[in-house]
Amino acid sequence: MSSDALDPVERLAALRHEFGEHGGVNMSIEASTTFTVMEAGTMPDIFNGRLGPDAGGCFLYGRHFNPTVYVLGRQLAALEAAEAGYCTGSGLGAISSALLGLLDHGDHVVASDTLYGGTWAMLAEFFPKKCGITTSFVDMQNPEAIKAACTPRTKVVYTESLSNPTLRVADIPQLAHIAHTAGAQLVVDNTFTPLAMSPIEHGADVVVHSLTKFINGASDFIAGAVCGRADFVGSLMDLHLGPLMILGPTMDPQVAHSISLRIPHLPIRMIEHAKRAMTFAKRLEALGLQVGYPGLPTHPDHQLFSRIGRPEYGFGGLLTIDAGTRERAEALMDDLQNEEGFGFMAVSLGYFDTLMSCSASSTSSEMDEAALASAGIRPGLIRMSIGYTGSLEQRWLQLERALTRNGLV
Ligand SMILES: *Cc1c(COP(=O)(O)O)cnc(C)c1O
């Protein structure tokens, strides 16, 4: 979509810098919900979106556009090689808005059978009941099944760049081709792989993010973003049918400001998350554990990730360990948190410390047993978001000791 061949970090550096009101190196927070119109006659055009801040007019109302939120949206667009980006109050706010912007009553979605639990519930339960939008869940590794699931009403093919928590890699170029052939658009949730993957460069139409995770990095804000073509992102703000405007999952400018200041060190953080995850994954595999990490040559999608990803940012900060049973998984996590101080038992990811959870009984618990089984989410599967506090060797010793004490190695 973007005509240049810049790396995301180079695209970010090429953005116009927003100085603070008094020349501060950081932009000011625009804490106003409403904006002064200088000439009464321009009000109708501003209201109808014909005279926005980019067209010589002005901002109107904070749910519509806020300059501080807008800056973060531009950063996200640069990150994702998109024409435009807009930020929302949560990842699910971004996902629901993007989908409702593309789908009407009676339309159909073909989605990955391995999705973040909240997204799964939105597609499997909320949309059919509340909006008359149905979804077929299929294995994204099976192109024939995806093609077979498409109907004339299929408007969206939906996947996560890296499936949660099974860490299978979506073949974005292939999925884009299938979606476009079927007359649908490809929407990719890139929450797990900012920088390491740029789905729009491989043919995706829309990228959604939960900024709550790696992009923010400190587990202190819930936030999301939608990136795509300028006309699509603009349509989400339509006064009549725009889901961002009408349903109002608006991001607070104070949140936008805080997250915006963390974007410059996102590359450094992602590289360190990935370096440590890779080191642990290799050592765990060498100890004979069932470990899932796309950076391992034994991972089924290692070649694919190497081809469509950006190896300089690594293979992501998440890995999985299959402890066999839920009880063994829980005992290991207890030990790692309470005896070793290795990390925390908590859902979510992308924090500076390691976070661990047993997916089947936590973040994927919206899925029923059959859905869990078909997605390969086994009861003893521990998902770890590897942090970068402490030294790598200190953390490895903690992990190795806990594994030994629990009889896993
Ligand atoms: C957390 C998460 C979401 C939901 O984001 P919120 O910010 O919690 O609303 C969606 N997709 C993925 C992959 C996630 O990890």
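1. In this predicted model, helix H5, which covers residues 117-131, bends by about 35° at Glu125, and a proline, Pro128, follows within four residues of that point. Just after H5 ends, Gly132 takes a positive phi of about 65°.

2. Which residues of H5 are buried? They are Gly117, Gly118, Thr119, Trp120, Ala121, Met122 and Leu123, together with Phe127 and Cys131. As a general reminder, an α-helix has 3.6 residues a turn, so residues three or four places apart point the same way. The buried residues of H5 pack against two helices, H4 (91-102) and H14 (369-375), and against the strands S2 (108-112), S3 (134-138) and S4 (154-160).

3. The largest pocket has a volume of about 670 Å³, and of the 37 residues that line this pocket, those closest to its centre are Asp54, Phe65, Tyr70, Ala230 and Gly234. By class, its lining is made of 22 nonpolar, eight polar and seven charged residues.

4. Where does the lining of the largest pocket come from? Helix H2 (43-47), helix H3 (67-79), strand S1 (84-88) and helix H8 (230-235) each supply at least two residues, and the largest share, four residues, comes from H3.

5. The second largest pocket holds about 420 Å³ of space, and of the 18 residues lining it, the closest to its centre are Leu12, His17, Gln75, Ser260 and Pro264. Helix H1 (8-13) and H3 are the elements that give two or more residues to this lining, whose residues divide into eleven nonpolar, four polar and three charged.

Methods: Residues numbered from 1 in each chain as written. Predicted model: local features only at pLDDT ≥ 70, side-chain atom pairs only at ≥ 80, totals over all residues. Heavy atoms only, no water. 1 Å grid on protein atoms, 1.4 Å probe; cavity = no way out; pocket = protein on both sides within 12 Å on 5 of 7 lines; lining within 4 Å. Points joined across faces, edges and corners; volume = space filled by probe spheres on them. Nonpolar A, V, L, I, M, F, W, Y, C, P; charged D, E, K, R; others polar. Bend = angle between axes of the 7 residues up to and from the residue. Buried < 20%, exposed > 50% of the residue type's maximum accessible area, 1.4 Å probe, protein only. Contact = heavy atoms within 4.5 Å.
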